[in-house]
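Visitor: I am new to this structure and would like a close look at a single part of it. Please take one charged residue and work outward from there.

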Amino acid sequence: MGRKHEDDEQAPERPSRWRGLPLQDREEVILSVTPSRAANFYKYVYTLGLYELWRRRDRATVTDRRLLIGRGIVHREEHSIAMSHIDGARYVRMGLNAYAQVSINDRGRRRTERIGPMSAREARAFVAEILARQ
């Protein structure tokens, strides 16, 4: 085995998963959010703190190519939405909770996905990242 020369170096191999999310080749994670603890405080009280397991499993991630949405533990749902299928995103405030509302055009069918509740700062940043990638 010889020494590696600087000329022989290649780009480091990226992991195919990021915090449990499958990533495509050379895909980069831009922003990832989970529901706000403060907005779900009543769930912590009701479940004696066990809600933290569910909260951590609910995640929305913006990559340079798509939006990944995962929800649930026992009944798990994961969605991968290409940025080309996203028509728009907007910040929505409902009482003390903030949401990112994403409009999706999936083969001619329009639907809206509400992501949150999040802090107002997180929701605004999430919407801004989606809009920047359209």
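Guide: What follows starts at Asp58 and moves out to the strands, the helix and the charged side chains around them, in a model that is predicted.

Asp58 sits in the loop that joins helix H2 (51-57) to strand S4 (59-63). This residue is buried yet takes part in no salt bridge. A salt bridge needs a side-chain nitrogen of Lys or Arg within 4 Å of a carboxyl oxygen of Asp or Glu. For Asp58 the nearest side chain of opposite charge is that of Arg76, 4.9 Å away. A polar atom of the Asp58 side chain does lie 2.9 Å from the backbone nitrogen of Gly72. Leaving aside residues up to four places away in sequence, Asp58 touches Val33, Thr34, Pro35, Gly70, Arg71 and Gly72.

Two of the residues just named lead to further charged groups. Arg76, the neighbour that does not bridge to Asp58, forms a salt bridge with Glu78, where the closest N and O atoms are 3.3 Å apart. Arg76 counts as partly exposed because its relative accessibility is 27%. Glu78 is also partly exposed, at 48%. Arg71, a contact of Asp58, belongs to a network of salt bridges together with Arg111 and Glu113.

The strand after Asp58, S4, is part of an open sheet of four strands in the order S3-S4-S5-S6, paired antiparallel. Strand S3 (29-33) and strand S6 (77-82) have a single partner strand each and stand at the edges, so one side of each has no neighbour in the sheet. On average, neighbouring strands here are turned by 15° against each other, direction ignored. Strand S5 (residues 66-71) pairs with S6 in the antiparallel sense, over six bridges. Arg66 has Ala82 in S6 as its bridge partner. Helix H3 (residues 120-132) packs on this sheet and touches S3, S4 and S5, with a direction that makes about 150° with that of S3.

The other sheet is also open, with three strands in the order S7-S8-S9 and antiparallel pairing. Its edges are strand S7 (86-94) and S9, and each has a single partner strand, so one side of each is left without a neighbour in the sheet. The twist from one strand to the next averages 20°. S8 and S9 run antiparallel and are joined by eight bridges. Gln101 has Arg114 in S9 as its bridge partner. H3 lies across S7, S8 and S9 and runs at about 170° to S7. Helix H3 thus has contacts with strands of the four-strand sheet and with those of the three-strand sheet.

One residue of H3 can be picked out. Arg124 is placed in this helix and counts as partly exposed, since its relative accessibility is 49%. Its C-alpha atom is separated by 8.6 Å from that of Ala98, a residue 26 places away along the chain. Another helix residue to look at is Glu129, which forms a salt bridge with Arg133, the closest N and O atoms being 3.4 Å apart. Glu129 is partly exposed at 25% relative accessibility, and Arg133 is partly exposed at 28%.

A further salt bridge links Arg109 to Asp106, with the closest N and O atoms 4.0 Å apart. Arg109 is exposed, because its relative accessibility is 55%. The count of salt bridges comes to seven.

Some backbone details remain. Most residues other than glycine have a negative phi, and most peptide bonds are trans. Arg107 departs from this with a positive phi near 55°. This residue lies in the loop between strand S8 (97-106) and S9, and is exposed at 74% relative accessibility. Arg26 likewise has a positive phi, near 60°. Its place is the loop between strand S2 (21-22) and S3, and at 60% relative accessibility Arg26 is exposed. The peptide bond from Gly116 to Pro117 is cis, with omega near 5°. Pro117 belongs to strand S9 (residues 109-118).

To return to the starting point, Asp58 is buried without a salt bridge, and its side chain has a polar atom 2.9 Å from the backbone nitrogen of Gly72.

Terms used
Residues numbered from 1 in each chain as written. Predicted model: local features only at pLDDT ≥ 70, side-chain atom pairs only at ≥ 80, totals over all residues. Heavy atoms only, no water. Helix = DSSP H or I, 4+ residues; strand = E, 2+ residues; numbered from the N terminus. Buried < 20%, exposed > 50% of the residue type's maximum accessible area, 1.4 Å probe, protein only. Lys, Arg positive; Asp, Glu negative; His and termini not counted. Polar contact = N/O pair within 3.5 Å; in protein donor to acceptor, adjacent residues only side chain to side chain. Contact = heavy atoms within 4.5 Å. Pairing = 2+ DSSP bridges. Axes fitted to C-alpha atoms, helices over the stretch in contact; angles between N-to-C directions.
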